[in-house]
Amino acid sequence: MGTVLILTGRDDLTADAVVEELAERGENVVRYDTADFPTTSRLAVSLTGDGWAGSLTGSRVLRLEAVKSVWWRRPNEFVTPEDWPGPARALAVSEARSGLLGVLGSLPVRWINHPAHDSAANYKPRQLAVAARVGLDTPRTIITSDPDHARVFMGEDEVIYKGLGGGVLGPDGKRQFLPVSLVSAGDVDDGVTGTAHLFQENVKKAFEVRLTVIGSHMFPVTIHAGSEAAKLDWRTDYLSHTYGRVDLPAEVENGVRRLMDELGLFFGALDFAVTPDGRWKFLEINPNGQWHWLAVKAGVPLVEAMADALQGEAE
């Protein structure tokens, strides 16, 4: 029997649910957190004609030759001894990342998703460009460090300002994000020259859709925001939401399949704003987005679908 490898931290309810499902199906699952390397786990592999073979030993021994699928869920950063000098720690982390992830990333198995594809797809400018190219309806958007460019784009309208990246780690170890906000030309000053900014038209919404894609399977769920804050950014007020099912328009489905193919993703969490006249506006794709709460709140079989995919039963 092959082994399903899940790379994630210890506090991950989504992974917990999938591990439980796979265990009930009799699958051999190894859960590993990269934060254990190199302090409490060991890597010992050799190059063969078929690639790398050997073991990764943590709380359990993983034989690389036995791995049949890998879920790149949410592993933590590598950890080195605190009493090492700073440059030594930085070098050790860099070597750990190149060594361990290089070995694992070379495994010719199903990845959900391969970390290289995951990382590349996280760039919002790229995903928006690909979405527009494959025929998805994208909002008017600029990326700029020029105040005049920003003011001309805004005109007399309020527009959306959102972060371009995935946030940064704060001093408490939690990821901090730029909040989505409404801005107008009067808010723009020379501070815009300090970095790149994304400004986007403020799409009028009847509701939003979180579309979870697992291989060839698509699970669209409507999100109806119940507060003003959630209408601007539904991530700010989960308690106000109501959820439902919705049919995916054929042209959206076709565009999403092309988007996933071009980005090299097996899994994705996509956000759409649906306008009062029924247009599906693509907002973004998170290649490693959260989804378990949708399985619970909307009764969508996402846990089962992810387990199927890790077993190799879903394309």
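## Exercises on strands, burial and a charged patch

Three bridges, written 3 bridges in the count used here, join strand E4 to strand E5 (residues 61–63), and the two run antiparallel. The model is predicted, so that local features need pLDDT of at least 70 and side-chain atom pairs count only at pLDDT 80 or more, while totals for chains, interfaces and linings use all residues. Residues are numbered from 1 along each chain as its sequence is written, and side-chain values use heavy atoms, with hydrogens and water left out.

**Exercise 1.** Determine which strands pair with E4, and how the connections are made.

*Solution.* Begin with the terms: strands (E, at least two residues) and helices (H or I, at least four) are DSSP runs numbered from the N terminus, and two strands pair if DSSP finds at least two bridges between them. Next, take strand E3 (residues 42–48), which pairs with strand E4 (residues 51–57) in the antiparallel sense over 7 bridges; within this pairing, leucine 43 has leucine 56 as its bridge partner, and 2 residues lie between the strands of the hairpin. Then turn to E5, where valine 61 is the bridge partner of threonine 57, and where a hairpin of 3 connecting residues leads from E4 to E5.

**Exercise 2.** Establish which strands pair with E13, and how many of the residues of E13 are buried.

*Solution.* First, strand E8 (residues 141–144) is joined to E13 by 4 bridges in an antiparallel arrangement, with threonine 141 opposite glutamine 200. Second, strand E9 (residues 159–162) also pairs with E13 in the antiparallel sense, over 4 bridges, and here tyrosine 161 is partnered by phenylalanine 199. Finally, E13 is mostly covered, with 4 of its 5 residues buried, where buried means under 20% relative accessible area, exposed over 50%, and partly exposed in between (1.4 Å probe, protein chains only).

**Exercise 3.** Explain why glutamine 127 and aspartate 187 fall into their accessibility classes, and place each residue in the structure.

*Solution.* Start with glutamine 127, which belongs to helix H4 (residues 124–133) and counts as buried because its relative accessibility is 2%. Its C-alpha atom is separated by 13 Å from that of arginine 257, a residue 130 positions away along the chain. Continue with aspartate 187, located in the loop between strand E12 (181–183) and strand E13 (197–201); aspartate 187 counts as partly exposed because its relative accessibility is 48%.
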